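The following exercises concern a protein chain whose sequence and structure are shown below. Each task is followed by a solution worked in steps.

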Amino acid sequence: MSDKIERIKTLIIGSGPAGYTAAIYASRADLKPVMYTGLEPGGQLTTTTEVDNFPGYADGVDGPKMMMDLQKQAERFGTEVRMGMVTEVEFSDKAGGIHKACVDNSKWVEAETIIISTGATAKYLGLPSEQRLRGGGVSACAVCDGFFYKGQDVAIVGGGDTAAEEATYLANICNKVTMLVRGDQMRASKAMQHRVTSTKNIDLRYNTEVDEVIGEQVVEGLRMLNKETGEKEQIDITGLFIAIGHKPNTDIFKDKLTMDDTGYLITEGKSTKTNIPGVFASGDVQDKIYRQAVTAAGTGCMAALDAERYLAVVESEEGEEVKTTKKVEA
């Protein structure tokens, strides 16, 4: 095996809407991006059946097909898409420094810039019936999929601000929303709790958890367990939304990049810049508020533009240094 380490101008880690959009912009700017897809090529949207709210698809599109379209577009401009997972990183803290990334615990590459688009993984309950029906009525995003259940009865699990917000969103379009809070009180802010309790078609159940999701191909019902009484109750629903949080995929960046107490990467102001020069973050890995494919794509565009400008400044400063050195030598 050669000891020579490959040098990349722009390395993109992750292959969701943010990663592919960054790749499209970076390749058009001649940054010669190389993307490593990670364990889930295409990201969370590959587990979604129909995407109905991404601009440009008038009739909606299957999540996997949409990601294939984005990949083809990125490759058309010269992006090299590689299967593999970045398992370790070593960042330079100097402007113009070279960063290193290890792929699959075996191969090291060097990069002048890195765009992190590793996303966040939705937390699920872990029930076999829940996992079997993901994409068949079980969803972790009410804003994404709620429209498909307009006028129907649905349920949502969670007690935080996100769950409260999604429950009230669903209540506006669905016939009835059964909200399961696993504890004896909600964790949401008082304002969000008031919004839930004042919404007439939300049936709020405390100390209640999912015992079983009913249905073979699609969700047909839900069996609930009251943790206090031990009683079980079954209701008819067509959709189940899990809103118990997300985990940002940032484990390999701990103690290397600035992040909040839940692991989301922190970027500077309205940019995608991290605390390390030449390293940028886009998509759900730095966004715990919106978490939509279109907003992820937008920050992917921003990251590529930030990387392009960063490299232009570095190259300009290096050119000035060369001129100064030549004058001194003369």
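**Exercise 1.** Where is K123 placed, and which surface patch does K123 help to form?

*Solution.* In this predicted model, K123 lies in the loop between β9 (120–122) and α3 (128–132). The relative accessibility of K123 is 41%. Buried means under 20% and exposed over 50%, so a residue in between is partly exposed; K123 therefore counts as partly exposed. Together with R182, R187 and K227, K123 forms a positive surface patch.

**Exercise 2.** Determine which strands are joined to β8, and in which direction each runs relative to β8.

*Solution.*
- Step 1: Strand β1 (residues 6–13) is joined to β8 by seven bridges, and the two run parallel. Within this pairing, T10 has T113 as its bridge partner.
- Step 2: Strand β7 (residues 99–103) shares five bridges with β8, in an antiparallel arrangement. Here K100 has E110 as its bridge partner. The two strands form a hairpin with three residues between them, and D104 in the turn has a positive phi of about 55°.
- Step 3: Strand β19 (residues 279–281) runs parallel to β8, with three bridges between them. I116 stands opposite A281 of β19.
- Step 4: As for cover, β8 (residues 107–116) is mostly covered, since seven of its 10 residues are buried.

**Exercise 3.** Which residue forms a salt bridge with R7, and how many residues apart are the two?

*Solution.* The side chain of R7 meets that of E110 in a salt bridge, at 2.9 Å from N to O. R7 belongs to strand β1 and E110 to strand β8; the pair is 103 residues apart and links distant parts of the chain. With a relative accessible area of 47%, R7 is partly exposed, whereas E110, at 14%, counts as buried.

**Exercise 4.** Compare the salt bridge of R82 and E80 with that of D251 and K254, stating whether each residue is buried or partly exposed.

*Solution.* Begin with R82 and E80, for which the closest N and O atoms are 2.8 Å apart. R82 is buried, at a relative accessible area of 14%, while E80 is partly exposed, at 38%. This pair is part of a network of salt bridges linking E6, E80, R82 and K107.

Turn next to D251 and K254, for which the closest N and O atoms are 3.6 Å apart. D251 is partly exposed, at 45% relative accessibility, and K254 is also partly exposed, at 45%. For the structure, the count comes to 13 salt bridges.

How values were computed:
Residues numbered from 1 in each chain as written. Predicted model: local features only at pLDDT ≥ 70, side-chain atom pairs only at ≥ 80, totals over all residues. Heavy atoms only, no water. Patch = residues over 30% accessible without salt bridge, like charges linked within 9 Å, V, L, I, M, F, W, Y side chains within 5 Å. Areas by Shrake-Rupley, 256 points an atom, 1.4 Å probe, with all protein chains shown as cover. Salt bridge = Lys/Arg side-chain N within 4 Å of Asp/Glu carboxyl O. Lys, Arg positive; Asp, Glu negative; His and termini not counted. Charge placed at Lys NZ, Arg CZ, Asp CG, Glu CD. Helix = DSSP H or I, 4+ residues; strand = E, 2+ residues; numbered from the N terminus. Buried < 20%, exposed > 50% of the residue type's maximum accessible area, 1.4 Å probe, protein only. Pairing = 2+ DSSP bridges.
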